[in-house]
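Biologist: Please walk me through this model. I want each label set against its cut-off.

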Amino acid sequence: MAGGSARRCGGACVGWHYLLVVKANQPTLFRRLRSLPWPRVTARHYQRGTGHGRRETRVTRALTVTDLGLDFPHAIQAAKITRYRTEVKTGKRTRQTVYALTDLSHLQASPRRIGELARSQWTIENRLHFVRDTVFGEDASQVHTGHGPENMATLRNLAINTLRDHGHTSIAAGLRHVSYESFTRPPRPPAHPLNRTDARSPGL
């Protein structure tokens with residue numbers, strides 16, 4: 001997979017390698033990853049931080065899956081990433097677990113490196129979701145069934161990327177610019193002489 005951003009390859013890309021974050025909205029793969037022997041995993045990394053009014057601890061565990069029958073294209077390692085958050089003001093605690101797959105070996109990507117790649121993807125996703133919600137009202141959308149939400153998110157991402165490719169740093173301003181530009185029909189090609197109603201055959 002080529003590219004340098006999560007949006008281009010469906011995960012975080014590292015050169016020609018990939019890291020795919022799997023959440024609960026992908027239930028089949030999520031269950032397969034959850035059933036891996038995580039209690040026996042000793043390769044792990046802890047990262048702690050404070051910001052945005054909360055304390056967060058991220059624990060990343062990684063194991064090689066080439067002999068575990070996971071049957072996912074080119075997957076070499078799987079990772080379990082758990083985030084523990086505590087709101088400073090309220091003391092409310094939350095926990096979120098996601099899984100990841102990568103074709104990077106343990107020599108190429110340690111648990112710490114996998115955690116960093118996953119976090120970079122979360123940052124991109126959060127920024128995209130913020131734009132999709134504030135500009136396109138994604139959270140207020142009434143599309144909830146089937147693949148509708150995913151398809152609508154894809155269309156919104158396409159609009160965002162198209163505007164950015166055309167030099168718009170502000171998506172809201174870019175949408176206003178596009179909406180103000182009047183629609184112009186392409187010019188009609190000139191009629192061929194033989195297609196004109198008043199055309200006459202030579203010699204008549």
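**Labels and their cut-offs**

Modeller: By class, two nonpolar, four polar and three charged residues make up the lining of the largest cavity. The classes are fixed: Ala, Val, Leu, Ile, Met, Phe, Trp, Tyr, Cys and Pro are nonpolar, Asp, Glu, Lys and Arg are charged, and the others, Gly among them, are polar.

Biologist: What should I know about the model and its numbering?

Modeller: The model is predicted: local features need pLDDT of at least 70, side-chain atom pairs count only at pLDDT 80 or more, and totals for chains, interfaces and linings use all residues. Residues are numbered from 1 along each chain as its sequence is written, and side-chain values use heavy atoms, with hydrogens and water left out.

Biologist: What makes a space in this protein a cavity?

Modeller: On a 1 Å grid over the protein atoms alone, a cavity is a set of points where a 1.4 Å probe fits but cannot get out; lining residues have an atom within 4 Å of a point. One cavity of 30 Å³ or more turns up. The largest has a volume of about 60 Å³, where volume means the space filled by probe spheres set on the points, with points joined across faces, edges and corners.

Biologist: Which residues line the largest cavity?

Modeller: H45, Q47, R58, T60, I81, R112, G115, E116 and W122. Helix 3 gives the most, with four residues. Strand 3 (44–51), strand 4 and helix 3 each supply at least two. Helices (H or I, at least four residues) and strands (E, at least two) are DSSP runs, numbered from the N terminus.

Biologist: Why is the R58 and E56 pair called a salt bridge?

Modeller: A salt bridge needs a side-chain nitrogen of Lys or Arg within 4 Å of a carboxyl oxygen of Asp or Glu. R58 and E56 meet at 2.1 Å, N to O, so the pair qualifies under that cut-off.

Biologist: How do you know that R85 forms a salt bridge with E56?

Modeller: The closest N and O atoms of R85 and E56 are 2.5 Å apart, so the pair passes. R85 sits in strand 5 (residues 77–87) and E56 in strand 4 (residues 54–64), 29 residues apart. E56, R58 and R85 are linked in a network of salt bridges. The whole structure has four salt bridges.

Biologist: Why is E56 called buried and R85 partly exposed?

Modeller: Buried means under 20% relative accessible area, exposed over 50%, partly exposed in between (1.4 Å probe, protein chains only). E56 is at 11%, so it counts as buried. R85 is at 24%, so it counts as partly exposed. R58 is buried too.

Biologist: What separates E116 and R112, and how do you know that they form a salt bridge?

Modeller: Their side chains meet at 3.5 Å, N to O, so the cut-off is met. E116 and R112 are four residues apart in helix 3 (residues 111–136), hence about one helical turn. E116 has a relative accessible area of 33%, so it is partly exposed.

Biologist: What makes D71 and H74 stand out, and why is each called exposed?

Modeller: D71 has a positive phi, near 60°, and is not a glycine. H74 is not a glycine either, and its phi is positive at about 65°. D71 lies in the loop between strand 4 and strand 5, and H74 is found in that loop. D71 is at 71% relative accessibility, so it counts as exposed. H74 is at 66%, so it counts as exposed.

Notes:
1 Å grid on protein atoms, 1.4 Å probe; cavity = no way out; pocket = protein on both sides within 12 Å on 5 of 7 lines; lining within 4 Å.
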